[in-house]
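Subject: Structure handover

Hello,

Here is the structure I said I would pass on. My notes follow below it.

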Amino acid sequence: MIDHASLRDRAEAALPRDVFAYFAAGAGDETTLARQERAWDEVLLRPRVLRDVSATSAASQVLGHPITSPVLVAPTAMHRLAHPEGEVGVARAARAAGSLLVLSMRSSTRVEAVAAAAGPFWQQLYVLQDRGVTDEVGRRAAAAGALALVVTVDTPRVARKRAGLPVSRPSTGIIESLDHRHVADPRLMQAEDVGPRDLERLAENSGLPVVAKGVLTAEAARDCVAAGASAVVVSTHGGRQLDGVVPAPLALPEVVEAVGDQVEVYVDGGVRTGSHVLKALALGARAVLIGRPVIWALATGGSDRVRDLLVDMASEVEEALALAGCPSCTDVGPDLVRR
Ligand SMILES: Cc1cc2nc3c(=O)[nH]c(=O)nc-3n(C[C@H](O)[C@H](O)[C@H](O)COP(=O)(O)O)c2cc1C
């Protein structure tokens, strides 16, 4: 089993105080952050027995792309604050483990360099006040080989974090995804008037499927799908946006019920164990994303440690599937969780 608490403690010891605080923080009073892992623990499993699980595999697909296990790397900002290998190290690790990197728009490495190391990847975007730059980042990611754009819809502005923490990040000036040129420019902050038309335009301009990230209700999911989203991510942004929202495992069933027959649904926020992943699949998700554990692994051991983390997660998922009587991800159904 991965010891997440000790991984986090080691990262805390390895990182400068403000950098660790930036990565670890939640928004507001951090009630959503405090609740998110527990919310998965509180979902209860109903395993099947007397099933042949001798050839169990955790392999799956997202938007037709094959993955070793249904665990993707969530988009998180500025990996070079955690380790000099930064996003290139994470990209290499995701590729080696057969996972898929979702690259943050607030990356500390240029997309072309990450793409060269990652092979296939997905690009996360915020809709910026300057739509021209937003579209350019999408087109540039597409040209570099991105397979999808993950448009984050829960951030019309960046939520305040704990007192004493910078609103969004330590001031390092290493956001290279935008070639340095815009870091302090207000037009490059998130657009407060983000709307359905932005999803449609980004899909048209890039020619890529759009995944809407940060959906917590049936209504929001329907709006995203009506605007052309090919998938949605149920997410509280790791407890970093509106505090006090419904935790991901509780939001997931209503989103799946609303749009799960039309698009793929993914989920993130506090997913830590193979059993959590099994619960996510049983509640209707096709895959999960993990954020902070990847940062802690990067901080403590660079790319190799991130690869080991992803391999270990895949192996925990495979074990959970077998113990629940499911030889593959597609065998998992709603009967596996107690409602
Ligand atoms: C330090 C940090 C930076 C993040 N940056 C982004 C980002 O740039 N874009 C985005 O859509 N989500 C971002 N997120 C949210 C993650 O994609 C993801 O939703 C969340 O981390 C999942 O929760 P977990 O960290 O508990 O696994 C960030 C999260 C953290 C912790």
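Which backbone N or O atom lies 2.8 Å from an oxygen atom of the ligand? That atom belongs to Gly-291. Please keep in mind throughout that this is a predicted model.

Two side chains also make polar contacts with the ligand. Ser-235 has a side-chain N or O atom 3.4 Å from an oxygen atom of the ligand. In His-237, a polar side-chain atom is 3.3 Å from a nitrogen atom of the ligand. On its own the ligand has 610 Å² of accessible area, and the protein covers 99% of that.

As for where the ligand is, it occupies the largest cavity. There are 23 residues around the ligand, and those that come nearest are Pro-75, Ser-104, Thr-152, Asp-268 and Arg-272. By type, the shell consists of 11 polar, 7 nonpolar and 5 charged residues.

I also looked at the cysteines. How many disulfides does a search of the whole structure find? The count is 0. For Cys-326, the closest cysteine sulfur is the one in Cys-329, and the two cannot be bonded because 9.1 Å is too far; a disulfide needs the sulfur atoms within 2.5 Å. Seen from Cys-329, the closest cysteine sulfur is that of Cys-326, again at 9.1 Å and too far for a bond. Are these two cysteines buried or exposed? Cys-326 has 0% relative accessibility, so it counts as buried. Cys-329, at 12% relative accessibility, counts as buried too, since the cut-off is under 20%.

Regards

Conventions:
Residues numbered from 1 in each chain as written. Predicted model: local features only at pLDDT ≥ 70, side-chain atom pairs only at ≥ 80, totals over all residues. Heavy atoms only, no water. Near = heavy atom within 4 Å. Polar contact = N/O pair within 3.5 Å; in protein donor to acceptor, adjacent residues only side chain to side chain. Areas by Shrake-Rupley, 256 points an atom, 1.4 Å probe, with all protein chains shown as cover. 1 Å grid on protein atoms, 1.4 Å probe; cavity = no way out; pocket = protein on both sides within 12 Å on 5 of 7 lines; lining within 4 Å. Sits in = over half its atoms within 2 Å of the grid points. Nonpolar A, V, L, I, M, F, W, Y, C, P; charged D, E, K, R; others polar. Buried < 20%, exposed > 50% of the residue type's maximum accessible area, 1.4 Å probe, protein only.
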